[in-house]
Amino acid sequence: MVDIAVKSGSAWICPSQGPNLADILLSVHVSDENSNEQFIHSEEDQTNSVSPVLLERTEEGSTCILALCCSPSSNAAISRLLVVSEARNMEIYNHTGEYCGTARGERVTFVLSDISDRGPFYKKQLILDQPSPTCEVKLLSLAGRNSVLVCRVIVGLQQIGPCPALGPGIDMKQVQSLVNEMGTSLSPGAQNLMDMVQFQQQNQTGSLGGFLPLLMGGGVLSGPGSKRQDFP
């Protein structure tokens, strides 16, 4: 349903030995009526039930980024995230690369039977204003560490309607040409959106006229970005 990995090119790795990120990922389907209760229940039951995953930095000064992606056939999107790790804060970006928000960590007790020299651990939670089929999580404020333990990632999923898809006859060069004629350009997240809609169900149909409004309405045409907070 949801895949998780260290973002390619982020200069962080998950060693082959030991637990991997998929082992600490929990997906929870939430509804609008009782989403908070469902999420809290999952958090209380699952946070201390797994072994943490060690991520290591391979290049000085690089940021640890986790990439999460819903299965294209699931018609689900990420509506909220909870991460327990040694990182004190986190930032989240949606499928277009747009900044969604910053979550400041709350210190929590996490019992590790075989690791005594790690911690402290922080719980960070953020609700997305608009659910996103994919997102990136930047783990920040590592207190100078070259590695970070991630104890749990809980993803709240919300069912959404099928996204408009690109028909097989759409000429992507024509799309780019029309965007250029509009006097603007695609943001870095636009390519992610194009890739995403190509994987929609085959029985869906799309049109060029419907695709351009999707780009404009989704915020993937370049323009003033959302403000973000920086942390040491």
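## Exercises on a predicted model

Lys124 sits in strand β10, which spans residues 121-132. Keep in mind that this is a predicted model. Let's work through a few of its residues together.

**Exercise 1. Work out whether Lys124 is buried or exposed, and what its side chain reaches.**

Step 1. Begin with accessibility: the relative accessible area of Lys124 is 0%. Buried means under 20%, so Lys124 counts as buried.

Step 2. Next, look for polar partners of the side chain. The side chains of Lys124 and Ser85 are joined by a polar contact of 3.1 Å. A polar atom of the Lys124 side chain also lies 2.8 Å from the backbone oxygen of Tyr122.

Step 3. Now list the neighbours, leaving aside residues up to four places away in sequence. Lys124 touches, among others, Leu81, Leu82, Val83, Val84 and Ser85. Its contacts also include Ala103, Arg104 and Gly105.

Step 4. Finish with a distance along the fold: Arg107 is 17 residues from Lys124 along the chain, and their C-alpha atoms are separated by 9.0 Å.

**Exercise 2. Locate the loop residues Ser74 and Asn94, and find what each one touches.**

Step 1. Place Ser74 first: it falls in the loop between β5 (64-70) and β6 (76-85). Asn94 belongs to the loop between β7 (89-93) and β8 (99-104).

Step 2. Check burial. Ser74 has a relative accessible area of 14% and is therefore buried. Asn94 is at 14% relative accessibility, so it counts as buried too.

Step 3. Turn to contacts, again not counting residues up to four places away in sequence. Ser74 touches Met1 and Gln159. For Asn94, the partners are Cys100, Ser132, Thr134 and Cys135.

Step 4. Add the local polar detail: the Ser74 side chain reaches the backbone oxygen of Ser71 at 2.7 Å.

**Exercise 3. Explain why neither Cys14 nor Cys69 forms a disulfide.**

Step 1. Recall the cut-off: the two cysteine sulfur atoms must lie within 2.5 Å.

Step 2. Take Cys14. Its closest cysteine sulfur is in Cys64, at 9.7 Å, so the pair is too far apart for a bond.

Step 3. Take Cys69. Here the closest cysteine sulfur belongs to Cys70, and 6.7 Å is also too far for a bond.

Step 4. Compare with the total: the structure holds zero disulfides.

Step 5. Round off with accessibility. Cys14 has a relative accessible area of 27% and is partly exposed, while Cys69, at 32%, is partly exposed as well.

How values were computed. Residues are numbered from 1 along each chain as its sequence is written. This is a predicted model: local features need pLDDT of at least 70, side-chain atom pairs count only at pLDDT 80 or more; totals for chains, interfaces and linings use all residues. Side-chain values use heavy atoms; hydrogens and water are left out. Helices (H or I, at least four residues) and strands (E, at least two) are DSSP runs, numbered from the N terminus. Buried means under 20% relative accessible area, exposed over 50%, partly exposed in between (1.4 Å probe, protein chains only). A polar contact is a pair of N or O atoms within 3.5 Å; within protein, one must be able to donate a hydrogen and the other to accept it, and residues adjacent in sequence count only if both atoms are side-chain atoms. Contact means heavy atoms within 4.5 Å.
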